[in-house]
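This report covers the second largest pocket, the largest nonpolar core and the cysteines of the structure shown below.

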Number of protein chains: 2
Amino acid sequence: MSSDRTRSAILAAAEKLYADRGFGDVTLRDIVAEANVNLAAVNYHFGSKDELIAELFVTRSLATNRERLNELKFAEEKGGGRAPIDAILHALVGPTLRGCLGPDREGSTAARFMIRASIESVPPIRRIKNREVDHLRKFIAAMRRSLPGRDDAELYWGLHFALAMSHHTIREKERLTRLSEGQCDLNDVGAIVDRVVSVSVMALTGDETPAKKTPGKLVAREAR
Amino acid sequence: MSSDRTRSAILAAAEKLYADRGFGDVTLRDIVAEANVNLAAVNYHFGSKDELIAELFVTRSLATNRERLNELKFAEEKGGGRAPIDAILHALVGPTLRGCLGPDREGSTAARFMIRASIESVPPIRRIKNREVDHLRKFIAAMRRSLPGRDDAELYWGLHFALAMSHHTIREKERLTRLSEGQCDLNDVGAIVDRVVSVSVMALTGDETPAKKTPGKLVAREAR
DNA sequence: GATAGTTTCATACAACTGTTTGAATTGCAA
DNA sequence: TTGCAATTCAAACAGTTGTATGAAACTATC
């Protein structure tokens, strides 16, 4: 228990390299070179390469989940047990978007690592993501309290779409920048969060029964 | 030019195996075993493993793009040069969703392969996807005609969100099924397309200037 | 300062990867 | 049939990968 130095040097080096070059072509030898430690150190301290990746991902995603739940709890307490739906969605997508996008996050290896983890799909991370369901259920519960009477399926779809927009923005931010030739500002994270939340709220409250076969033209207006 | 037999046997076997087990752990030896051909045949007929994957992906995605443009062209001709926005978005997300989800597509290796290609992110496929920008610009142009005066950035965000919901639904269909405990029907593809289109239309037409700092509650109603 | 436990290190291992080679076989035209 | 090109094949190649080993170096306790 004395030498955390090696341990954390490996973690830092691995996070940096994975963030920079992806999981695909970063070997243990690259990592130990960057960390200036011996090759065997990874297996000694982490057991295996996969466990190293898992620890990296778990640490970061636990932090995000904690932040999410804090925001949710705060919003629900403020609303006396019922948070407004936009606050709930804000708590859901805000931490992730803020963590991965945003100013001066360019240099943050943690953020870039999480972007990689979102783009590539490597077994140890996939295993962890599959346990995320329980976490999301807490948001479904809050949404149910916020929009009582709403069909559960609608809530699931709303949450699903909120995550879709948030994750896709993270995954494809370069492509969106290129496609829009810079007209979409990917630096103003606050505006992005608001935009995702706003659309998600519309998805949830727009029309009771989503257009069945031929969706009519939909017009939304701001109701104060 | 005589033996396409080997060539297409390889293509079929590769598509099946990649669809079933992902790109990560399917080797050339797996493929040639499934195809009952010699190991060297892949390099002989395709040059390299990456070129095999690329050909597989290009074939399928060209088909999807063609279908998209057909739908778009049809809608614009019907509208005399200006298609309604929901028709444009329908042309954008319909072919992809229909191609990857939907009934009796369970057995379609082509569909499952495209899902894999959407989930995992392997270099040859990434290279091809990066050339997709020109294709998407045609939809931006159609959207500009459909919603004149609208800020270009808004159009880009709308298209981006439409793709986000469509791709995320494909990628995470199992997870959504599990999360919603089957309450979200992933088999009714038509309904899913309509749902994605409907939300995308709301995103594009909902409020002129997307809520800046504190998004107000938004209510949409059906017009017409 | 001897001892026991932890940590580092160089090295080897065993397996697997995509690719190449050169000879055998096939198919087809003259 | 003969000749030539296209195709198939078994085998080997060259490189990389994550992991295991056992000895050395360190660290703290008594």
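In what follows, Ala, Val, Leu, Ile, Met, Phe, Trp, Tyr, Cys and Pro count as nonpolar, Asp, Glu, Lys and Arg as charged, and the others, Gly among them, as polar. The model is a predicted one, in which local features need pLDDT of at least 70 and side-chain atom pairs count only at pLDDT 80 or more, while totals for chains, interfaces and linings use all residues. Residues are numbered from 1 along each chain as its sequence is written, chains are lettered from A in the order in which they are written, and side-chain values use heavy atoms, without hydrogens and water.

By class, the lining of the second largest pocket divides as follows.

| Class | Lining residues |
|---|---|
| Nonpolar | 13 residues |
| Polar | nine residues |
| Charged | 13 residues |

The volume of this pocket is about 750 Å³, and among its 35 lining residues B:Phe57, B:Arg60, B:Ser61, B:Thr64 and B:Met114 lie nearest the centre. H4(B) gives the largest share of the lining, 11 residues.

In the largest nonpolar core (buried nonpolar side chains of the kinds Ala, Val, Leu, Ile, Met, Phe, Trp, Tyr and Cys, joined through side-chain atoms within 4.5 Å), A:Ile31 and B:Ile31 touch the most other members of the 145. Leaving aside residues up to four places away in sequence, B:Ile31 touches residues including B:Ile10, B:Leu17 and B:Leu52, where contact means heavy atoms within 4.5 Å.

A:Cys100 is buried at 9% relative accessible area (under 20%, with exposed over 50% and partly exposed in between, for a 1.4 Å probe and protein chains only).

Terms used
On a 1 Å grid over the protein atoms alone, a cavity is a set of points where a 1.4 Å probe fits but cannot get out, and a pocket is an open set with protein on both sides within 12 Å along at least five of seven lines; lining residues have an atom within 4 Å of a point. Grid points are joined across faces, edges and corners, and a volume is the space filled by probe spheres set on the points. Helices (H or I, at least four residues) and strands (E, at least two) are DSSP runs, numbered from the N terminus.
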